[in-house]
Structures are given as C-alpha cells and as structure tokens.
Amino acid sequence: ASYLMAIEFLPKFMNIPGECVPFLMMAFYDYTRPLPSALRPSCSPTSVPDWASSADAYCSAMYLNTTGVNRCGDFTCPEIVANGVSFVCNDVLGECGIRQNVSVRWVLQLCFSVVPFLCIAISVVGLWFYPKPARSELMQEGLVAAITKIRRRERVDDPWRPGNKVNPGVPPSKYTGMLAYFFPSELCRCLDTSPSAATASISTPLDAPATLKPLFWRPVCWCILFAVMIPPGFVLCIVGAEDLQDDLGASVSPLGLMLIGIGIVGLWFNGLRAWVASVLLKMDVPHVMVVQQYNAYAPFIGKPPITFNEETEEESLAHM
C-alpha cells in the first residue's frame with residue numbers, strides 16, 4: 001500500500017496543483033500569448049536594415065512605429081507594452097516575437113528551477129534518514145538471513161538497526177485485523193508507555209482490558225478536519241466555474257476539486273477507523289493483544305518491542 005501510494009497516487013495527485021497553480025500565477029501576472037506566426041517579421045541578419053541599431057530595436061520599431069496597422073493580433077501593441085511585455089528578436093527562429101514581463105518570467109523560473117530543487121532536496125532528506133546499514137549489499141544479505149531465522153521461529157537482531165530485537169510473528173487473533181487499522185503511536189496511547197522510550201515496558205496485567213478510547217477520538221477529530229475542507233472546495237468550484245472558459249486557464253475550480261477529493265478520501269479513511277474503534281470499544285480487548293500489534297510494527301519504525309514488567313524474557317516470547 002505504501003509503494004502504491006508513493007509511486008502511483010501521489011504523483012497523479014500532485015499533477016493538479018502542479019499544473020493549475022503555475023497557470024493561475026501566470027494569468028494573474030498578465031501572461032501574453034505568443035503572436036501569430038503571420039505577424040512575426042523576419043529579423044535574421046540579412047533582414048535587419050542599416051538604420052536599426054540591433055535586431056531587438058528593429059522588432060520593436062516594426063510593432064510600435066506602425067500607423068493604422070495592428071501587428072499584435074487580438075490586442076494592440078501599446079496594450080501589450082503596458083503589461084510590461086517587450087518586443088525582441090528570437091535568434092533561434094530568426095523572427096520577431098515578444099518577451100514576457102518580469103513577473104511571468106519569475107514564475108517560469110520558479111517552476112522550472114526552484115520548485116524541482118526543493119523537491120529533490122526533500123528526497124535527499126528522506127535518503128539522509130534512511131538506515132545507513134541498509135545501503136550496503138552485505139547488510140541486505142544479512143536481512144535475508146534474519147528473515148530465514150524468523151521463519152524458523154527464532155528471535156534475531158535487526159541487521160539494519162543494531163540493538164533492536166525482532167520476534168517471530170504470532171498467529172493472528174480475532175483482534176489483529178481490527179487493530180491493524182491504527183498507527184503505532186495510537187496503539188501506544190492505549191498503554192501506559194511512550195513510543196519514544198528507548199526501552200518500553202508496562203506493568204498492567206496481561207488479561208486486563210485495554211483503554212481503547214484514544215483509538216476512537218483521534219479518527220473522529222480527523223474526520224471533522226477533513227469534513228471542514230469539503231465546503232470550501234465546493235465554493236472554489238463555483239467561483240471558478242466561469243473562468244474555466246478563459247483561454248489562459250485561470251480558474252480555481254481544479255483546486256476546489258482537489259480539496260473536495262482530499263476531504264472525501266480523508267473522511268472515508270478516518271471514518272472507517274472510527275467505526276472499527278467503536279466496535280472495539282464494545283469488546284474487552286486484552287492489553288497483550290494491543291502490545292502484540294505494536295510489536296509487529298516495531299521493527300519497521302525503529303522502536304524496541306514493549307514487554308511486561310512482570311514477565312521474564314522467555315515468558316514474554318511465549319505471549320508473542
């Protein structure tokens with residue numbers, strides 16, 4: 001599921017603001033469409049007359065010093081110049097054209113240079129916190145060996161996080177599927193321990209019912225947060241509906257649809273979790289079941305497993 005979210009869903013989801021926001025910003029800063037090809041006189045070295053000091057000056061004169069003739073298409077040349085646009089020679093094509101105003105050029109520079117740089121920097125941060133032992137081929141072989149020992153019901157050291165013990169899996173109980181809806185930090189809230197502790201243990205009896213109210217109220221709070229996002233999304237869709245016909249695409253409706261999508265997905269996701277928590281509240285779930293579920297996550301989050309103070313190590317493994 002994590003792989004699918006990272007490879008498929010997130011890139012497609014980010015296409016919405018990635019394509020919508022730059023168009024909105026360029027339209028806001030008076031982006032000017034390129035002139036029709038029929039209105040682009042040649043500015044090659046053989047076409048520029050002697051009176052012109054440069055090819056750019058020749059193009060500017062061709063558009064601005066004409067009387068009674070509009071060479072700028074749907075808008076007059078003075079209107080285009082009023083938006084900060086200048087006329088220059090496109091050396092690659094050898095014909096006259098326009099140069100966007102400073103604000104539009106800054107938007108394009110941000111979108112093509114700064115934003116990609118920030119995205120790459122974020123990925124470097126993720127690589128920095130990736131376990132360094134996991135980057136070598138030798139440690140990858142050690143992981144395969146550790147998995148083989150776990151299949152033989154042995155307790156092994158995590159080769160990627162030295163000092164962390166990994167216990168063999170336990171047969172699923174009737175609570176396993178329902179507890180799998182919740183994050184490790186949420187499971188810890190049901191126990192008298194902290195997920196950030198170097199060595200975690202609890203003194204509660206094994207068969208004592210766990211306090212599962214935190215599993216219910218946190219998803220409910222998230223449901224409220226995501227539900228609040230849906231009405232503004234509809235407002236943006238309505239406000240930007242007329243602008244969908246704008247030739248520059250300057251409409252906020254796609255952003256409204258994005259908010260609605262986020263709200264619906266978040267409401268569905270956390271609504272299911274709240275419903276599962278309400279079912280668990282009606283059941284007497286022993287502490288040991290919550291601990292087992294957390295310990296199943298422990299190797300993947302770099303945390304030590306939780307043990308009971310009243311148990312020896314062998315007795316703890318017997319319950320795992």
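A nonpolar core is a set of buried Ala, Val, Leu, Ile, Met, Phe, Trp, Tyr and Cys residues joined through side-chain atoms within 4.5 Å. With that in mind, and remembering that this is a predicted model, begin by selecting Leu187, Leu212, Leu215, Leu280 and Val290, which have the most contacts inside the largest nonpolar core, a set of 22 residues. Next, colour the helices α6 (176-179), α7 (184-189), α9 (253-281) and α10 (287-301), each of which supplies at least two residues of this core; the largest share, 6 residues, comes from α10.

Now centre the view on Leu187 and, leaving aside its neighbours within four places in sequence, show the residues in contact with Leu187, which are Leu179, Phe182, Leu215, Val290, Gln293, Tyr294 and Tyr297. Apart from the largest core lies another one, of 16 residues, and you can find it by selecting Cys43, Tyr58, Cys72 and Cys77, which are among its members.

Return to α10 and select the whole helix, which is mostly covered, with 11 of its 15 residues buried; the buried ones include His287, Gln292 and Asn295 as well as Val290 and Tyr297. If you place a distance between its end C-alpha atoms, the viewer should give 21 Å, which agrees with the 21 Å that 15 residues should span at 1.5 Å a residue. Just after this helix, select Gly302, whose phi is positive, near 70°.

Finally, turn to the surface and select Tyr181, Phe183, Val265, Trp268, Phe269, Leu272 and Trp275, which make a nonpolar patch of about 750 Å². Of these, Leu272 lies in helix α9, and Leu272 counts as partly exposed because its relative accessibility is 30%, a value in between the limits of under 20% for buried and over 50% for exposed.

Terms used
Residues numbered from 1 in each chain as written. Predicted model: local features only at pLDDT ≥ 70, side-chain atom pairs only at ≥ 80, totals over all residues. Heavy atoms only, no water. Buried < 20%, exposed > 50% of the residue type's maximum accessible area, 1.4 Å probe, protein only. Helix = DSSP H or I, 4+ residues; strand = E, 2+ residues; numbered from the N terminus. Contact = heavy atoms within 4.5 Å. Patch = residues over 30% accessible without salt bridge, like charges linked within 9 Å, V, L, I, M, F, W, Y side chains within 5 Å. Areas by Shrake-Rupley, 256 points an atom, 1.4 Å probe, with all protein chains shown as cover. Salt bridge = Lys/Arg side-chain N within 4 Å of Asp/Glu carboxyl O. Expected span 1.5 Å × (residues − 1).
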